Amino acid sequence: MEAVSACCTTHAEDTSSEEEGAGASAGPRCCLGNPAELKPYCACGKSLRRVARLPGHHALLACSTAHDCCRCGEVILPGELHFRCRSCVDLKVCKDCGPGIFIEHTFDFYEPSTGEVEIQEIPSRVLHWRRARQAKRTAARTRSLSLAPGSENDELARKVAFEVVQAAEAMVQEVMDEETDVTDKEWGDEGLLERLLCAPNQQQVCENVRILASAAIRIFTQSQTVQDVRAPCKVYGDLHGQLRDLLLLFGVFGMPGTAECPSAVFNGDFVDRGKHQVEVLCLLLALKVAYPQNVFLNRGNHEESQMNQKYGFARACVAAFSEEESDDLFRLISKTFSMLPLASLIDTKVLVVHGGIGDGKWSVDELRKVRRPLKLCDLQQDRNQWLWNLMWSDPIEDDEKMSSSRVFGVHSSPRGKLAVKFGWNVTQAFCARNGLDLVVRSHQAKKCGLGFDVMHNESLIRVFSARDYEGHNNDCAVLSIFDDAEEEGASGGVLVVRPQVLSSCS
């Protein structure tokens with residue numbers, strides 16, 4: 001039979017899924033082919049559906065049957081996310097050959113000391129897979145690790161926001177022109193906040209912060225808990241008040257609202273620990289007010305007042321604002337945090353959350369129905385544990401050194417009694433049920449890391465955007481996500497994810 005041309009995307013409502021039990025871990029596979037060859041249809045003309053089927057008990061994995069992908073011949077191990085046709089029972093398509101995400105195996109690496117961007121191969125240390133999969137590979141095949149007029153208050157807020165954005169653009173150019181690369185804590189002067197906010201004095205600083213925060217609350221009140229985002233866009237991880245890193249990322253890879261970065265998702269943890277926490281938050285709020293349809297802010301675990309009291313943002317507010325204003329502005333910002341959306345969904349295929357998916361026993365539709373504001377007491381209720389884990393959970397890496405019974409399923413976390421760690425099978429079953437191809441999360445910095453990791457059979461990517469964080473000597477990264485059909489003037493192709501990395505100062 002003649003294969004039907006791939007001309008449309010597979011949407012969540014067009015797919016179904018299967019899941020049961022638990023299994024052992026899986027890792028990324030190398031596939032022949034390229035994005036243009038990933039077809040959403042079977043040769044018989046019917047849509048492919050996502051499947052994440054697992055044996056009823058993990059002990060059965062040893063004797064469970066593996067299958068070959070009908071397109072590339074690669075082995076599909078028990079429990080791995082793959083695609084099937086409802087009519088052609090024996091036809092099975094691996095995740096890489098099916099209609100989904102194409103993660104590039106090269107990345108853009110910027111070295112500030114030379115001012116050059118290099119294209120590098122992603123090293124094996126950030127591609128997590130289990131040893132059992134390596135043994136089943138057939139050959140060293142590779143692919144390119146192919147991401148109206150308003151009220152007077154609104155008009156004033158937009159005016160302030162665009163002034164802040166223009167000031168940030170000037171700072172971007174200055175940082176790019178600096179001859180010496182330094183960490184954020186070694187950079188900046190005492191007048192930086194006044195300059196960014198275009199404020200001649202502290203009183204005007206406080207007024208501009210109040211204007212931006214109040215406008216952001218109005219926008220968030222009208223926003224969905226799950227924000228729908230269109231590619232092309234970039235996804236930023238934790239920033240933690242490191243303004244210079246953010247400016248460098250803007251300078252090298254594009255500032256939101258420009259052709260290089262039409263849209264941007266900032267995935268939580270904007271504040272705490274860093275030197276320029278207030279400045280980073282003000283810039284992000286200004287970007288949101290200036291470009292409400294193109295800039296998206298997700299809530300992280302540090303967008304919460306008790307965390308801010310413990311890890312520094314409350315003290316940063318006292319230092320930045322007048323004594324009379326600091327308490328009121330901190331409360332206003334805390335209210336802003338409680339209104340933040342919890343997730344972003346890119347072209348119905350990529351879910352972006354700060355921490356992770358927890359036990360995965362929830363749906364994107366359920367998350368859409370969650371009402372805000374959400375205070376700490378709301379998030380810590382037993383019925384909202386799944387919301388807590390959106391900001392606090394962590395994945396178990398496929399190659400983590402632990403017994404095979406603990407690389408899958410849900411386990412307790414050292415982060416607290418409500419937080420969990422989740423295995424590869426949880427991610428793949430969650431993606432299958434929700435018609436997703438990828439989960440992007442942040443929340444973790446790795447010592448000497450690249451700022452990103454690819455794991456759970458390429459169903460999960462970590463991105464972290466603050467370099468040399470807490471002495472970790474880590475690079476920082478953003479993810480560029482775009483439609484491979486864009487260059488031809490079309491849409492609805494396969495989404496391509498490309499990491500873009502800024503080198504550590506160390």
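**Figure 1. Phe162 is partly exposed, with a relative accessibility of 35%, in this predicted model.** The model holds twelve aromatic pairs by the ring-centre rule. One of them is formed by Phe162 and Tyr291, whose ring centres are 5.7 Å apart. Their planes meet at 85°, and the cut-off for edge-to-face is over 60 degrees, so this pair is edge-to-face. The pair links distant parts of the chain, with the two positions 129 residues apart in sequence: Phe162 belongs to helix 2 (residues 152-177), while Tyr291 sits in the loop between helix 6 and strand 12 (295-298). Tyr291 has a relative accessibility of 21% and therefore also counts as partly exposed.

**Figure 2. Phe313 and Phe330 form a tilted aromatic pair.** The ring centres lie 6.2 Å apart, and the planes are at 45°, so the pair is neither stacked nor edge-to-face but tilted. Phe313 is in helix 8 (residues 313-320) and Phe330 is in helix 9 (residues 323-339), so the pair ties together parts of the chain 17 residues apart in sequence. Phe313 is buried at a relative accessible area of 1%. Phe330 also counts as buried, because its 10% relative accessibility falls under the 20% limit. A separate view of aromatic residues would show Phe107, Phe109 and Phe452, which form one cluster.

**Figure 3. Two cis peptide bonds precede prolines, at Ala231-Pro232 and at Arg372-Pro373.** Most peptide bonds are trans. The bond that joins Ala231 to Pro232 is cis, with omega at about 5°. Pro232 is placed in the loop that runs between strand 9 (226-229) and strand 10 (233-236). The bond that joins Arg372 to Pro373 is cis too, with omega at about 15°. Pro373 occupies the loop between helix 10 (364-368) and helix 11 (376-379).

**Figure 4. Asp272 and Glu458 have positive phi values although neither is a glycine.** Most residues other than glycine have a negative phi. For Asp272, phi is near 80°. Asp272 lies in the loop between strand 11 (264-267) and helix 6 (277-290). The relative accessibility of Asp272 is 0%, so this residue counts as buried. For Glu458, phi is about 60°. Glu458 lies in the loop that connects strand 19 (452-455) to strand 20 (460-463). At 1% relative accessibility, Glu458 is buried as well.

**Figure 5. Six strands form an open sheet with mixed pairing.** The strand order across the sheet is 9-13-14-18-20-19. Strand 9 and strand 19 are the edge strands, each pairing on one side only. From one strand to the next, the twist averages 20°. Strands of a sheet pair through backbone hydrogen bonds, either parallel or antiparallel. Strand 14 (residues 350-352) and strand 18 (residues 438-441) pair in the parallel sense, with three bridges between them. Within this pairing, Leu351 has Val439 of strand 18 as its bridge partner.

**Figure 6. The side chain of Thr183 makes a polar contact with the side chain of Glu186 at 3.0 Å.** Thr183 is located in the loop between helix 2 and helix 3 (192-196). With a relative accessibility of 16%, Thr183 counts as buried, because the limit is 20%. Once neighbours within four places in sequence are left aside, Thr183 is in contact with Asp468 and Cys505.

**Figure 7. Val172 of helix 2 is buried, with a relative accessible area of 9%.** Val172 touches Leu247, Phe250, Gly251 and Met255, where residues up to four places away in sequence are not counted. The C-alpha atoms of Val172 and Leu249 are 8.9 Å apart in space, and the two residues are 77 residues apart in sequence.

Terms used
Residues numbered from 1 in each chain as written. Predicted model: local features only at pLDDT ≥ 70, side-chain atom pairs only at ≥ 80, totals over all residues. Heavy atoms only, no water. Helix = DSSP H or I, 4+ residues; strand = E, 2+ residues; numbered from the N terminus. Buried < 20%, exposed > 50% of the residue type's maximum accessible area, 1.4 Å probe, protein only. Phe/Tyr/Trp six-rings, centres within 6.5 Å; stacked < 30°, edge-to-face > 60°. Polar contact = N/O pair within 3.5 Å; in protein donor to acceptor, adjacent residues only side chain to side chain. Contact = heavy atoms within 4.5 Å. Pairing = 2+ DSSP bridges. Axes fitted to C-alpha atoms, helices over the stretch in contact; angles between N-to-C directions.
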